[in-house]
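I opened this structure as a newcomer to it and kept notes on each thing I looked up. The entries below follow the order in which I went through them.

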Amino acid sequence: VSEKFISPARRVQGELHLPGDKSISHRAAILGLLAEGQTRIYHFLTADDCLNTAKACQQLGAKVEIKGDVLNLAGCGWVGLRPPKDVIDCGNSGTGVRLLAGVLAGQKFESVITGDEQVQRRPMRRIIDPLLAMGAEITSEPGGLCPLRIRGGNLSSLNYLSPVASAQVKSCLLLAGLYAKGRTLVTEPSSSRDHTERLMRYFGIPIRTEGLTISVEGGVLPQGREITVPADISSAAFFLVAAALLPGSDLRLFNVGVNRTRTGILEVLRVMEADIAEDNPRTQAGEPVADLAVKHKAPIKGAQIRGRKLIPRLIDELPILAVAAAGAEGETVIAEAGELRVKETDRITMMVKELKNIGVAIEERPDGMAIRGGKIKGGRADSHGDHRLAMSLAVAGLVSENGVTLNNPDCVRTSYPNFWDQLQEVTA
Ligand code: S3P
């Protein structure tokens, strides 16, 4: 396990083309697998998580070819999938496991799907129960954990009231719904990211959205497409916060996905009085994108980050928002964010522990944390092998007084392989 020293930076400055959106890359590959004909995905995220999904598509019978960041898939058509010879290993990706489990539930053959130690601790009951209700046979480790052994086929449709606002649960069931007789409906307590719905439509599958209920009719064959994946707003978040905290910063990020179900980070940073502009708004493969320009004008302020509607729209950005809060003026409270405990790591406990280690006044709450802003001293911190913790703690290092020595920095590979290079580029 290596370590990395992140020295304090004066400012961040320049222009960046960030890697492709993780959520959209997974979905584009999976729909390409199920589609009839050729799918070409430009600006595919070639990070471990999505590469594992591409490999799974290959194991299930798609012809997959990657050149740079372009992924070409010759789809199987959803009835043409082949039984995989080996276990499907999604590595660190909960999205990979949960979405592909929806596809596997539609197959008459048996398959086994799993991931790394972090994934093997993540709750799968949330997809197992509704997939069982649709008629799939699934066995898991005690407690509903991976590996999952799945045999499906002959699914019946389902009208499911999901207890969590989870795009992974919703997407899993919509994918399984393609194989079900009749219409499958999923209702969420509040809206989660809607990339699956948008992409299914783009691939020619009619999806109905009525309030919080999303539904799909079984039996429609998606058509292969060309798509360009926008840059990932969850990756942009690290640079937005760095620029919002460091005086003199001036940064432009091109072609970033600004889907409303993902832009909670922009809203909260603006409430904190950060200066972020969205230029050149346009639509790309059914997804809104814009160039983001962020400038440091004045110190940012603490905020209340809570609400059933808001939290799902920024769930992956809460670790970096904790860093923003640590460097802001005044108090910040993050609440109603218990879901953070079942991500790659328990991101409440881990963020509180690591920020405390580097001198932040922070307190753990059952459903979030409270942070008193001020100066961040620096010191040693650990990523716990969680990519978003690694990048958040790196930004804490940039804005700290003495720098941060980060243990296990390489896990950024999961979602953002060139993070350290791009960080170097804008701080040099
Ligand atoms: C994702 C959904 C979210 C998010 C994850 C990616 C997706 O998880 O945290 O990083 O691509 O569908 P949940 O669906 O579990 O909330």
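My notes start with helix packing, go on to the ligand and end with two backbone details.

**Entry 1, the status of the model.** Before anything else I wrote down that this is a predicted model, and I read every entry below with that in mind.

**Entry 2, α3 against α5.** I began with helix α3, residues 94-104, and helix α5, residues 167-177, whose axes come within 6 Å and cross at roughly 25°. Since angles under 35 degrees count as roughly parallel, I noted that α3 and α5 are therefore roughly parallel to each other. The crossing in which α3 passes α5 is right-handed. I then listed the residues that meet: G94, T95, R98, L99, A101, G102 and V103 come from α3, while Q168, S171, C172, L175 and A176 come from α5. Sorted by class, the residues of this contact are six nonpolar, five polar and one charged.

**Entry 3, α4 against α5.** Next I turned to helix α4, residues 125-134, which packs with α5 at an angle of about 25°, the two axes being 10 Å apart. By the reasoning of the previous entry, α4 and α5 are therefore roughly parallel to each other, and their crossing is right-handed. On the α4 side I found R126, I127, P130, L131 and M134, and these meet V169, C172, L173, A176 and G177 of α5. The contact of α4 with α5 consists of eight nonpolar residues, one polar and one charged.

**Entry 4, α1 against α5.** I also looked up helix α1, residues 22-34, which packs with α5 at an angle of about 5°, with 13 Å between the axes. That angle makes α1 roughly parallel to α5. R27, I30, L31 and L34 of α1 meet A167, S171 and L175 of α5, and the residues of this contact divide into five nonpolar, one polar and one charged.

**Entry 5, the ligand.** Which residues surround the ligand? I noted S23, R27, T95, R98, S166, A167, Q168, R193, I315, D316 and K343. Going back over the helix entries, I saw that T95 and R98 of α3 and Q168 of α5 had been listed in the contact of those two helices, and that R27 of α1 and A167 of α5 had been listed in theirs. I then checked distances to oxygen atoms of the ligand, and for S166 an N or O atom of the side chain is 2.7 Å from one of them. A polar side-chain atom of D316 likewise lies 2.7 Å from an oxygen atom of the ligand, and for a polar side-chain atom of K343 I wrote down 2.7 Å from a ligand oxygen as well.

**Entry 6, strand β9 and the loop after it.** Where is the cis peptide bond? It joins C146 and P147, with omega at about 0°, and P147 is found in strand β9, residues 145-151. My last note concerns N154, which has a positive phi of about 50° although it is not a glycine. N154 lies in the loop between β9 and β10, the latter being 155-156.

How values were computed
Residues are numbered from 1 along each chain as its sequence is written. This is a predicted model: local features need pLDDT of at least 70, side-chain atom pairs count only at pLDDT 80 or more; totals for chains, interfaces and linings use all residues. Side-chain values use heavy atoms; hydrogens and water are left out. Axes are lines fitted to C-alpha atoms, for helices over the stretch in contact, and angles run from 0 to 180 degrees between N-to-C directions. Angles under 35 degrees count as roughly parallel, over 145 as roughly antiparallel, 65 to 115 as roughly perpendicular and the rest as oblique. A crossing is left-handed if the near helix is turned anticlockwise from the far one by less than a right angle, and right-handed if clockwise. Contact means heavy atoms within 4.5 Å. Ala, Val, Leu, Ile, Met, Phe, Trp, Tyr, Cys and Pro count as nonpolar, Asp, Glu, Lys and Arg as charged, and the others, Gly among them, as polar. A residue is near a molecule or strand if one of its heavy atoms lies within 4 Å of it. A polar contact is a pair of N or O atoms within 3.5 Å; within protein, one must be able to donate a hydrogen and the other to accept it, and residues adjacent in sequence count only if both atoms are side-chain atoms.
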